[in-house]
Amino acid sequence: MKKLALFVALSLVASGWAASPAEQQLTEAIKAPNLSVVHLWASWCGNCQSELKSGNWLKTVKANPDVKFYFVSVWNSGEDGKALLAKYELAGQPNVTILADPGPRKGDAQIKRFLDLPLSWIPTTWIYKGGNLRYAMNYGEMRFDVLQQFFADSKAEW
């Protein structure tokens with residue numbers, strides 16, 4: 001198994017792929033025993049803005065202080081969108097970390113994978129526990145009652 005992992009890593013390096021600083025930070029962070037939410041978004045995205053305007057992200061973050069939330073701006077030329085998150089009171093929350101992927105939004109160089117998962121739409125929301133992906137919502141706005149249920153299900157022992 002170690003040989004396979006080494007082969008994959010060397011193949012990715014040889015192909016020119018390298019994890020962004022945001023991915024490197026998250027690779028370690030999502031290994032935490034508690035829940036981690038990786039939310040891929042951009043400040044220019046209408047669906048992302050709609051989620052923020054509803055106030056449901058703030059309510060969810062405040063209602064789940066034991067969950068670590070990572071708002072990762074993608075396809076946004078390296079901008080983290082912190083000003084917009086601050087407008088909706090997310091930037092100052094103790095369980096929120098704001099990151100940015102430097103990848104471009106358009107063209108052949110646009111990132112198509114993040115944390116080695118496909119990235120084809122934003123907003124995208126992934127829930128991890130102990131390094132394991134529990135849920136992946138890859139196509140659009142969250143239903144926050146469903147997100148809360150995913151938290152409860154992820155905390156349960158399987």
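This is a short group-meeting talk about the fold, the aromatic cluster and a few backbone details of one protein model.

Hi everyone, thanks for coming. Please keep in mind throughout that we are looking at a predicted model.

Let me start with the overall layout. The protein has 6 helices and 7 strands. Going along the sequence, their order is α-α-β-α-α-β-α-β-β-β-β-β-α. There are 158 residues, and 41% of them are buried. If you take contacts between residues at least 6 apart in sequence, 70% join residues at least 24 apart. As for the surface, about 8,700 Å² is exposed, with carbon and sulfur atoms supplying 57% of that area.

Now to the aromatics. Searching the whole structure turns up 5 aromatic pairs. Take Trp57 and Phe69 to begin with: their ring centres are 6.2 Å apart and the planes meet at 85°, and since an angle over 60 degrees counts as edge-to-face, that is what we call this pair. Trp57 sits in helix 4, residues 56-63, while Phe69 belongs to strand 2, residues 68-73, so to speak 12 residues further on. Both Trp57 and Phe69 are buried.

Phe69 has another partner, Phe151. Here the centres are 6.1 Å apart with the planes at 65°, so this pair is edge-to-face as well. Phe151 is in helix 6, residues 144-155, so the pair ties strand 2 to a part of the chain 82 residues away in sequence. Like Phe69, Phe151 is buried. Put together, Trp57, Phe69, Phe71, Phe144 and Phe151 make up one aromatic cluster.

Which residues touch the most other members of the largest nonpolar core? That core has 43 residues, and the answer is Val38, Leu40, Trp57, Phe69, Val72, Phe114 and Ile122. Strand 1, residues 35-41, gives the most to the core, with 5 residues. Phe114 is worth clicking on: beyond four places in sequence, the residues it touches include Leu26, Leu40, Val72, Leu119 and Trp126, and also Ser20, Glu23 and Asp101.

Back to helix 4 for a moment, and its packing against helix 3, residues 46-54. The axes of the two helices are 4 Å apart, at an angle of about 60°. That makes helix 3 oblique to helix 4. On the helix 3 side we have Glu51, Leu52 and Ser54, and they meet Asn56, Trp57 and Lys59 of helix 4.

Next, Ser73. Is Ser73 buried or exposed? Its relative accessible area is 0%, so Ser73 is buried. Ser73 lies in strand 2, and its C-alpha atom is 6.1 Å from that of Asp101, 28 residues apart along the chain. Apart from neighbours within four places, Ser73 contacts Trp41, Ala42, Glu79, Asp80, Leu99, Ala100 and Asp101.

Finally, some backbone details. Most residues other than glycine have a negative phi, and most peptide bonds are trans. Against that background, have a look at the bond joining Ile122 and Pro123, which is cis, with omega about 0°. Pro123 is in the loop between strand 5 and strand 6. Glu89 has a positive phi, near 65°; this residue lies in the loop between helix 5 and strand 3 and is partly exposed, at 48% relative accessibility. Asp116 also has a positive phi, about 60°. Asp116 is in the loop between strand 4 and strand 5, and its relative accessibility of 53% makes it exposed.

That's my tour, and I'm happy to take questions.

Definitions and conventions
Residues are numbered from 1 along each chain as its sequence is written. This is a predicted model: local features need pLDDT of at least 70, side-chain atom pairs count only at pLDDT 80 or more; totals for chains, interfaces and linings use all residues. Side-chain values use heavy atoms; hydrogens and water are left out. Rings of Phe, Tyr and Trp (its six-membered ring) pair if their centres lie within 6.5 Å; planes under 30 degrees apart count as stacked, over 60 as edge-to-face and the rest as tilted. Buried means under 20% relative accessible area, exposed over 50%, partly exposed in between (1.4 Å probe, protein chains only). A nonpolar core is a set of buried Ala, Val, Leu, Ile, Met, Phe, Trp, Tyr and Cys residues joined through side-chain atoms within 4.5 Å. Contact means heavy atoms within 4.5 Å. Accessible areas come from the Shrake-Rupley method with a 1.4 Å probe; for residues, only the protein chains shown count as cover. Axes are lines fitted to C-alpha atoms, for helices over the stretch in contact, and angles run from 0 to 180 degrees between N-to-C directions. Angles under 35 degrees count as roughly parallel, over 145 as roughly antiparallel, 65 to 115 as roughly perpendicular and the rest as oblique.
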